[in-house]
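Colleague: I should like to learn how to read a model of this kind. Could we take the features one at a time?

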2 protein chains.
Amino acid sequence: MRKIINDPVKVVADALRGLAAAHPGLRVDLEAGIVVRADAPRSGKVGLVSGGGSGHEPLHVGFVGHGMLDAACPGEVFTSPVPDQILAATAAVDGGAGVLHIVKNYTGDVLNFRLAADFAKDDEDIEVATVVVDDDVAVQDSTYTAGRRGTGATLFVEKIAGALAEEGAPLEAVAAVAREVNERTRSFGVALSPCTVPAAGRPTFELDPGEMELGIGIHGEPGRERVKAGSANEIVTAALTAIDADMPLRGSDTLVLVNGMGGTPLLEQYVAYGVASSWLADHGVTVARSLVGPYVTSLEMAGCMISVCRLTPELLRLWDAPVQTPALRWGR
Amino acid sequence: MRKIINDPVKVVADALRGLAAAHPGLRVDLEAGIVVRADAPRSGKVGLVSGGGSGHEPLHVGFVGHGMLDAACPGEVFTSPVPDQILAATAAVDGGAGVLHIVKNYTGDVLNFRLAADFAKDDEDIEVATVVVDDDVAVQDSTYTAGRRGTGATLFVEKIAGALAEEGAPLEAVAAVAREVNERTRSFGVALSPCTVPAAGRPTFELDPGEMELGIGIHGEPGRERVKAGSANEIVTAALTAIDADMPLRGSDTLVLVNGMGGTPLLEQYVAYGVASSWLADHGVTVARSLVGPYVTSLEMAGCMISVCRLTPELLRLWDAPVQTPALRWGR
């Protein structure tokens, strides 16, 4: 196993120790297993909490900060956070205006966030709204989900809802914009290699060097089909065709993420973005904003995911609003 | 080959097309093979030019922008840029105050930058100063160098010299601070897997899954020794011990980079940073600033590199100055 770890079962705690040391602007509570903005809770501001299995960094811990999340609950690698963790994060960021839970659509995540929301309401009198992110067009149901999986749209939802919360909007409005972003976003991923969960010590699946998996999930669960490995043109065209078939893009102003899955060099991500940019122009789609890089990863998996959000002027304004987190920063 | 490319021999041009589409703030001249700040040349400002083989992204193309480089010259993968490229970049950023070449110490890079500097002086009457970066303590000479290799310090040199140039300092002062940063920085890298150059199609070296290469270069060239793969503690301790033996760190205020080589997940980079942070505290070293992420990569190589710069108050001030590039942004 080619990993930089000490103990395979303590890798998340060890990483959180590093995160705490590297980012004094975050409050990392190792016992509770949560990462919180240093200035939380802020009175009158809706708190944003997300989380999920670790191994997708910088999602979510790298998106905690001004203009984005107030707290993240990292579970063990590819494992949902437990309700106590989510409850602790919810309580830590509640400034009296309620808390929004941003949940990727995986069965364990949805269940544990729901339990935590119930506890928060019943025991702590905190109002909680929930948005479930399910942007992946590849498969209807998967190993880990009923319905579509949540992938790249999560970043868009966290950024845009975070911007609106920062402006002091009430919980219903922040939840509504989060749902709107999810509804207007579609994603599709392609894997060229598997990844290895430290505690398991073996690859999540086998993939011949000459093959690729179309419509991969972010845990290496099966996608839509396994085909002969293709060129960047073929990979990107497959992804954008699948997205466009599900949500026609022509005539839209879009926000586009070309996301490295962890083991694909930035050089290749830019090759993919170049192809995507041409395809979109050829199909009458305007790219208003773009992001290229490893933002929603699957450990060291090789591959890329493309996410496209059909913007409105208001969503664009909120995307452009200042953000200051470890992994996303601009405008301030 | 698990790569997202179209044509192995056109991968750099294809990536530059994507870079141009993704970053309207950069001027990408595909014919000349250079990436230039959109507002260059700026009258009276020293121009900063760097470059080298591609495959180390975001270095250097991702560091072009306000407060850092004025231009980058990306060569083919792991191949020096040619003198014409460097000359074109030098001419494109010359605002009458001279140009600083920041050159990693590889034989081809040093030679081609020197030729370009001579052409610029003789044919275009542009004053050029050069700083050669050679921070890698692993080996005295390598496959590609006489003397030490240039690695992570390049980022520090580009950021800090870029900040001083942005303030309008003259060429001698910008060159002097660049040399000072190089002299005060040491780096050491460890590889857990090789990488594959697209045009070659096979790994740069062979490494058994149970082995690691200590003191690896950024092209997969041999390092100091090959040993049994160790824990994060062992890897980080080996790197910091080698750095400290070469440049005693006790009592220093430092800037620390824990750099992913491309194929190591961010989760593991934070594990490594946690170990580094403890080691430095235990050895009487203060970390004033830190950076964790894949900044100076070797395609999809697994591993990490640690760079430590002994700061002065002035270097810290320049590090903190605003920067706006695709890969490094803060403070504005």
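**Reading the contact between the chains**

Modeller: Let us begin with charged pairs: the count between chain A and chain B is 2 salt bridges. The model is predicted, and every value given here is computed from it.

Colleague: Which side chains meet in a salt bridge with an N to O distance of 3.4 Å?

Modeller: They are those of Lys3(B) and Glu268(A). The tally of polar contacts between chain A and chain B is 17 residue pairs, with both residues at pLDDT 80 or more.

Colleague: Which elements of chain A supply at least two residues each to the side that touches chain B?

Modeller: Three helices and three strands are to be named here: α1 (11-22), α6 (232-246) and α7 (266-282), together with β11 (286-293), β12 (303-310) and β14 (329-330). Of these, α7(A) gives the most, with 10 residues. By residue class, the side of chain A that touches chain B divides into 29 nonpolar, 17 polar and 9 charged.

Colleague: How many residues does each chain bring to the contact, and how much area do the two chains bury?

Modeller: Chain A brings 55 residues and chain B brings 56 residues. Between them the chains bury about 4300 Å², and 64% of that lies on carbon and sulfur atoms. Arg2(A), Ile4(A) and Leu267(A) supply 21% of the area that chain A buries against chain B, more than any other three residues.

Colleague: Let us turn to burial within a chain. Why is helix α2 of chain A described as largely enclosed?

Modeller: A residue counts as buried under 20% relative accessible area. In α2(A), residues 83-93, 8 of the 11 residues are buried, so the helix is largely enclosed by the rest of the structure. The buried residues are Pro83(A), Gln85(A), Ile86(A), Leu87(A), Ala89(A), Thr90(A), Ala92(A) and Val93(A).

Colleague: What covers those buried residues of α2(A)?

Modeller: The cover includes strands β2 (34-37), β3 (47-54), β4 (71-77), β5 (99-104) and β6 (128-133) of chain A, and also helix α3 (107-124) of chain A.

Colleague: How should I read a strand, taking β4 of chain B: which strands are joined to it, and do they run parallel or antiparallel?

Modeller: One looks for bridges and for direction. Strand β2(B), residues 34-37, is joined to β4(B) by 2 bridges and the two run antiparallel; here Val36(B) stands opposite Ala71(B). Strand β3(B), residues 47-54, is joined to β4(B) by 5 bridges and these two run parallel, with Ser54(B) having Val77(B) as its bridge partner. As for burial, 6 of the 7 residues of β4(B), residues 71-77, are buried, so this strand is largely enclosed by the rest of the structure.

Technical notes
Residues are numbered from 1 along each chain as its sequence is written. Chains are lettered from A and ligands numbered from 1 in the order in which they are written. This is a predicted model: local features need pLDDT of at least 70, side-chain atom pairs count only at pLDDT 80 or more; totals for chains, interfaces and linings use all residues. Side-chain values use heavy atoms; hydrogens and water are left out. Contact means heavy atoms within 4.5 Å. Buried area is the accessible area (1.4 Å probe) that two parts lose on being put together, summed over both. A salt bridge is a side-chain nitrogen of Lys or Arg within 4 Å of a carboxyl oxygen of Asp or Glu. A polar contact is a pair of N or O atoms within 3.5 Å; within protein, one must be able to donate a hydrogen and the other to accept it, and residues adjacent in sequence count only if both atoms are side-chain atoms. Helices (H or I, at least four residues) and strands (E, at least two) are DSSP runs, numbered from the N terminus. Ala, Val, Leu, Ile, Met, Phe, Trp, Tyr, Cys and Pro count as nonpolar, Asp, Glu, Lys and Arg as charged, and the others, Gly among them, as polar. Buried means under 20% relative accessible area, exposed over 50%, partly exposed in between (1.4 Å probe, protein chains only). Two strands pair if DSSP finds at least two bridges between them.
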